[in-house]
Amino acid sequence: MSGEGANSPVQRPWRSLEELADRPEIHAALAEAFPSITAVPRRHLFKLMGGAIALAGLDGCERLPNEEALPYVEAPDGETTGKARYYATAVEHDGISHPITGKTRDGRPIKIEGSQSHPASGGATDAFTQASLLGLYDPARSGEVLHRGRPLGWDGWGEAIVRLRARNDENGGDGFRLLTGPVGSPTMRRQIADLLERWPGARWHEHRPLADMRRERLLLERAHAVVALDHDVIGPGPLQTFHARGWGARRQAFQRGDGSAQLFVAEPSPTITGVSATQRLPLREGRVPVLLQVLVRSVEGAGGAGDAGLTTPERQWVREAAAALRANRGRSLVTVGPHHPAATRAQAHALNARLGNRGVTSIALPPQDGPQPEAFEDLPQAMQAGAVECLFVLDANPAYASPAAARFAEAMGRVPLRLHAGLHADETAALCHWHAPLAHDFESWRDGEAADGSIIAGQPLVRPWLPVRSRGELLAGLLDDPREERERLRARWPQLQDETAWERVLLGAPIAPAPAGSPPPPVMVGSAAVRARQDHGELALSIRPDPSVWDGRFASNPWLQELPKPLTKIAWQNAVHISPALARERRLENGDLVRVSAGGAAVEGPVWILPGQDRHSILLHLGGGRPRGGPVADGAGFNAWPLVGARGEVVLTALGGNDPVCTTQHHFKMEGDEFVRFVDQPEEALPPEPHKDSFYPPQVSDPAWGMAIDLDLCIGCNACVVACVAENNVPMVGREQVAMGREMHWLRVDRYYQGEPDNPQHAFQPVPCMHCEDAPCEMGCPVNATVHSPDGLNLQVYNRCIGTRTCSAYCPYKVRRFNWFDLTGDDPPELKAVRNPEVTVRQRGVMEKCTYCIQRISTARIAAKEEDRPIADGEVVTACQAACPTNAIVFGNTAHEDTAVSRRKASPRNYDLLPEANTRPRTTYAARIRGGKGEA
């Protein structure tokens, strides 16, 4: 993709649609293309051109000739209208790049998948990566340079940078500070090194709101026994896909009889890792060092020495965890959450070394090349002291995502010149003299470090349609570097001067391979990051990034705001999570308003009771309460950042009143039902279901599409849900409608528990349409809008549906959604551009549901017909299946016994959901396995 003119405005030789519609050459071109049309009314012409002009400036990753914003009369060479193109690229999260493949149609990126060829992805993604596509089209993205809140343009910015550069050249950069977010790009680090070399008096600070997760690579596929101490290893974050793929591979090996897959978790509040554990212990955060010390002595054979201070459940947990570690020396792992003190984490590293795990299940990554940033805390002190003349904030938001945001904002006021560049005009931008709009990852060339330590390249999927600049371009402008972004990338890596090597990189090959194992670096936790609190008093406080909006950076993304959180199914807000025991003690119910205070800081919000939480621990999620997060984030939750790092006694005060929490699931206990079934061993068979007769004749077809979901592999990460939204144009309805039970997700992930609320057994269950052979919805529909296809799919004919909702009433699985409102008609052009053109955009008053991604089935069927062959096994991959990092979902043709889906359905653990309904569903489940201990 050429870089020429990438940021130039679209040149239009006309001033208005009316003027363009009156041009005779337009009518002549239409007459030539459509001879049967004798005349085109101006009103119809406006309709045709309006959609085209809305997409002006969008084109594919191979730069096509600049044209007027009109539909193609003759397509350019190499371009086939309606044909998808795929490009290897990457998206960055907290300085870690995720390798992906971007799908474009007619110049518009419409879907992303994980890169099949890269080991850090293996074709899978997480919810954040899937939702990054909507971030590209966000209508609230910044699209103009602002000076003191008023539009000025890039020329004005350029003049300011020229003056700044001259000043820095004159005084060596004294008083100049660069503040960036996490930097994982080697090319960007080289630019920062050049800046510091040119201006020795300048300083670089890195704002990392959360602890650095890069330092260690965990190879969970090799770990037969894992002990996670307050570490959500496979939970949300930049490493989730890599770690979840590893754990899924280990769990599948255990199912085949290859060793063990034991997971011991001690944590204050349930996490994805804790729910997946074979042994889980509720434990307040401050007791992690104590438990680790006893575990070390127990592994070393000291018996029960030093465990007198442990409770009976803690002592039993340590005994079993130590036995598993001893039995799996050299293939086990002990890990502590990155927010815990360095000394605690170093103790875990030392135990791994004694067990022979270093270099096998845990590999330390070497420090990144280039300069190392100075402490973030030094910056506000320097600003307060008047030592900073100019502050350039690049892709960071410390005025919100910081424990001392108020003090930072106050100190910024003493800086004479403040510049900001970001995707949004956020809280920090509001405090700066200048704001520059930043390019999205899909609009720029860049490199980055993947989860496995390899270096990968990212190429743009689309030319920017907003006047934006990338991080690299802004730094290049500061340094007066005239090279194009792509050339700077190739210059950073000499091997890319070879055209063959460059082409391989553009196809997804890493620029540099993952480094081999190395000695562990010093264990450090960023001083500005969320850290473990010391206990003071009866209550303990834990603060974690939100599983949907992270530290607040994704608060403007409705796909993520409306995404139900894995453990609570809360959407569009955060809450004060407490244990059932504490709720009984304080007489609190869900939604009761409370105040949580510590060290002079306080937040207020509604209570949510979470089974499995430590008795006297309180959990808060970050990312809510954005004052300048845009219209989507407005009113979404409370801001927990002021309590990060607060010391002193934690106080929980009831305020009176109740504010119902917005959640998509209100009851979590199975109450004796077996929605999620359990077995003790992989080969244990479930009791056979009694045979039931049916009035329907047996359905026989080939292909016969079906799905199998292994609940032993599902971790409830929600990647499948967001992938379904992106693939099928599922609309978001907003908090008010979600609270009324009117969410539109075609796929939900239910969370259940069984046992005592203080420490129950948790489980996840994805629920798409079952595509029943004997479907009640088909029998109940009065207008024949829901019908059975010859290959066994339960179809919904939208233009027949009159919205009686009979099918929803008849469906025992409750997987159908009624479109109460016209949720998409008023969407701005940006949001219309993100839609998948292969899927109908539904209107008000129709039922919708999962279709098994029938558009992907059709694509495979057409390709097979053109090549005169049957559809191959694995050729059709649904969106949810493609995104799943643990391979929990398998789809295919059940008419043949040798397909992957048929083999999984042949498992003795396979069962139907709600068998008493006798619907003969095409979607089936495999029971979860309680244990994880295999043969030695």
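These legends describe several close-up views of a predicted model. Local features need pLDDT of at least 70 and side-chain atom pairs count only at pLDDT 80 or more, while totals for chains, interfaces and linings use all residues. Residues are numbered from 1 along each chain as its sequence is written, and side-chain values use heavy atoms, with hydrogens and water left out.

**View 1. Helix 5 packs against helix 14.** Helix 5 covers residues 154–171, and helix 14 covers residues 471–479. Helices here are DSSP runs of H or I with at least four residues, strands are runs of E with at least two, and both are numbered from the N terminus. The two axes lie 8 Å apart and meet at an angle of about 50 degrees. Axes are lines fitted to C-alpha atoms, for helices over the stretch in contact, and angles run from 0 to 180 degrees between N-to-C directions. That angle makes helix 5 oblique to helix 14. Angles under 35 degrees count as roughly parallel, over 145 as roughly antiparallel, 65 to 115 as roughly perpendicular, and the rest as oblique. Helix 5 brings Trp-154, Trp-157, Ile-161, Leu-164 and Arg-165 to the contact. Helix 14 brings Leu-474, Gly-477, Leu-478 and Leu-479. Contact means heavy atoms within 4.5 Å. These residues divide into seven nonpolar, one polar and one charged. Ala, Val, Leu, Ile, Met, Phe, Trp, Tyr, Cys and Pro count as nonpolar, Asp, Glu, Lys and Arg as charged, and the others, Gly among them, as polar.

**View 2. Four parallel strands form an open sheet.** The strand order is 11-10-9-12. Two strands pair if DSSP finds at least two bridges between them. Strand 11 (279–282) and strand 12 (332–336) are the edges, and each pairs on one side only. Neighbouring strands are turned by 5 degrees against each other on average, direction ignored. Strand 9 (residues 225–229) runs parallel to strand 12, and five bridges join them. One pair to find is Ala-228 with its bridge partner Thr-335 in strand 12. Helix 10 (residues 312–327) lies across strands 9, 10, 11 and 12. Helix 10 runs at about 145 degrees to strand 10 (262–267).

**View 3. A mixed open sheet has four strands.** Here the order is 33-26-35-34. The edges are strand 33 and strand 34 (910–911), each pairing on one side only. Strand 26 (residues 705–710) pairs with strand 33 in the antiparallel sense over five bridges. Trp-705 stands opposite Asn-893 in strand 33. Strand 33 (residues 889–893) is mostly covered, with five of its five residues buried. Buried means under 20% relative accessible area, exposed over 50%, and partly exposed in between, using a 1.4 Å probe and protein chains only. Strand 34 runs antiparallel to strand 35 (residues 923–926), joined by two bridges. Tyr-911 stands opposite Tyr-925 in strand 35. In a regular strand the side chains alternate between the two faces of the sheet.

**View 4. A cis peptide bond joins Asp-702 and Pro-703.** Omega is about 10 degrees. Pro-703 is found in the loop between strand 25 (678–679) and strand 26.

**View 5. Asn-784 and Lys-814 have positive phi values.** Asn-784 has phi near 60 degrees, although Asn-784 is not a glycine. Its loop runs between helix 21 (776–780) and strand 29 (786–788). Asn-784 counts as partly exposed, because its relative accessibility is 45%. Lys-814 has a phi of about 55 degrees and is not a glycine either. Lys-814 is found in the loop between helix 22 (806–810) and strand 31 (817–818). At 42% relative accessible area, Lys-814 is partly exposed.

**View 6. Glu-443 makes a polar contact with Arg-141.** Glu-443 lies in the loop between strand 16 (434–437) and strand 17 (446–449). Its relative accessibility is 6%, so Glu-443 counts as buried. The two side chains meet at 2.9 Å. A polar contact is a pair of N or O atoms within 3.5 Å; within protein, one must be able to donate a hydrogen and the other to accept it, and residues adjacent in sequence count only if both atoms are side-chain atoms. Leaving aside neighbours within four places in sequence, Glu-443 is in contact with residues including Leu-136, Pro-460, Val-462 and Trp-465.

**View 7. Helix 4 is mostly covered.** Nine of the ten residues in helix 4 (residues 127–136) are buried. Among them are Phe-128, Leu-133, Leu-134 and Leu-136. At the start of helix 4, a side-chain oxygen of Asp-126 reaches to within 3.3 Å of the backbone nitrogen of Phe-128.
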